[in-house]
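Colleague: I am new to this model and would like a close look at a single part of it. Please take me through the sheet, its neighbours and its charged side chains.

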Amino acid sequence: MSEQLPGHVDDPVMSHSESIEIDAPPEKVWEMVTALDRYGEWSNENTGGYWRKGPDGVPGTGQVGDMFVGINRLDGEEWKAPVEIIRRVDNEDFAFVTGGLEYNIVLWRYQLAPKGAGTTLTETWTLRKLSPRMVEFGQKELDYRAGNARAGIRATLAAMKAAAEA
């Protein structure tokens, strides 16, 4: 898709993308991709989280502009990462940005394409700008984050495939 997403940067720091074929229809895969509170079932890092309440006091549901707080755990550390939904095209394209558009650190994008009776699911991680921790710890931190993103994408896609096909 050539359309620019909100917060687009012309020269991202780095990006990684992988795809997997899933023997399940896009509608079933879509339910999983948009269930951020269930990512703890599939991710090697995310343990779940919760939808933030909007100005009306109602928690988000995954619509554009909604905020989710992911709870992550890796290598003995735990942290929370707020994300903002920036794109939602049902059964096709779902994207959110770590730190929301205000900080615009990492774009996570899931694209679904029908393939026969199944779905090709593509997950993309794009480091749009450096976080304060990345600036402080330099290349070592960048290498760690990139390696973790690659491992996380592989783990998440494989686990989503297994769950969707079960």
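Modeller: Start at the hairpin of β6 and β7, where 2 residues sit between the strands and Gly116 has a positive phi near 60°. This is a predicted model, in which local features need pLDDT of at least 70 and side-chain atom pairs count only at pLDDT 80 or more, while totals for chains, interfaces and linings use all residues. Residues are numbered from 1 along each chain as its sequence is written, and side-chain values use heavy atoms, leaving out hydrogens and water.

Strands (E, at least two residues) and helices (H or I, at least four) are DSSP runs numbered from the N terminus. Two strands pair if DSSP finds at least two bridges between them. Strand β6 (residues 106-115) and strand β7 (residues 118-127) run antiparallel and are joined by 10 bridges. Within this pairing, Tyr110 has Glu123 of β7 as its bridge partner, and Gln111 has Thr122 of β7. On the β5 side, β6 pairs in the antiparallel sense over 6 bridges, and there Asp93 is matched with Gln111.

The wider sheet is open and has 7 strands, in the order β1-β7-β6-β5-β4-β3-β2, with antiparallel pairing. Its edge strands, β1 (14-22) and β2 (46-51), each pair on one side only. On average, neighbouring strands are turned by 25° against each other, direction ignored.

Two helices lie across this sheet. Contact here means heavy atoms within 4.5 Å; axes are lines fitted to C-alpha atoms, for helices over the stretch in contact, and angles between N-to-C directions run from 0 to 180 degrees. Helix α1 (residues 26-33) lies across β1, β4 (77-89), β5 (93-98), β6 and β7, at about 165° to β6. Helix α3 (residues 132-165) crosses β1, β3 (67-74), β4, β6 and β7, at about 10° to β1.

Now the charged side chains. A salt bridge is a side-chain nitrogen of Lys or Arg within 4 Å of a carboxyl oxygen of Asp or Glu, and the whole structure has 10 of them. One of these joins Glu21 and Lys115, with the closest N and O atoms 3.8 Å apart. Glu21 is in strand β1 and Lys115 in strand β6, so the pair ties together parts 94 residues apart in sequence. Accessibility is relative accessible area (1.4 Å probe, protein chains only): buried is under 20%, exposed over 50%, partly exposed in between. Glu21, at 37%, is partly exposed.

In helix α3, Glu141 and Arg145 lie 4 residues apart, about one turn of the helix, and their side chains form a salt bridge at 2.8 Å, N to O. Glu141 is buried at 8%, whereas Arg145, at 28%, is partly exposed. Elsewhere, salt bridges with shared partners join Arg87, Asp93 and Arg109 into one network. Within that network, Arg87 and Asp93 meet at 2.6 Å, N to O, and both are buried.

Glu84, in strand β4, is buried but has no salt bridge; Arg52, the nearest side chain of opposite charge, is 8.4 Å away. For that count Lys and Arg are positive and Asp and Glu negative, with His and the chain ends not counted. The side chain of Glu84 does reach the backbone nitrogen of Leu101, at 3.0 Å. Neighbours within four places in sequence aside, the contacts of Glu84 include Gly65, Asp66, Phe96 and Leu101.

Key
Polar contact = N/O pair within 3.5 Å; in protein donor to acceptor, adjacent residues only side chain to side chain.
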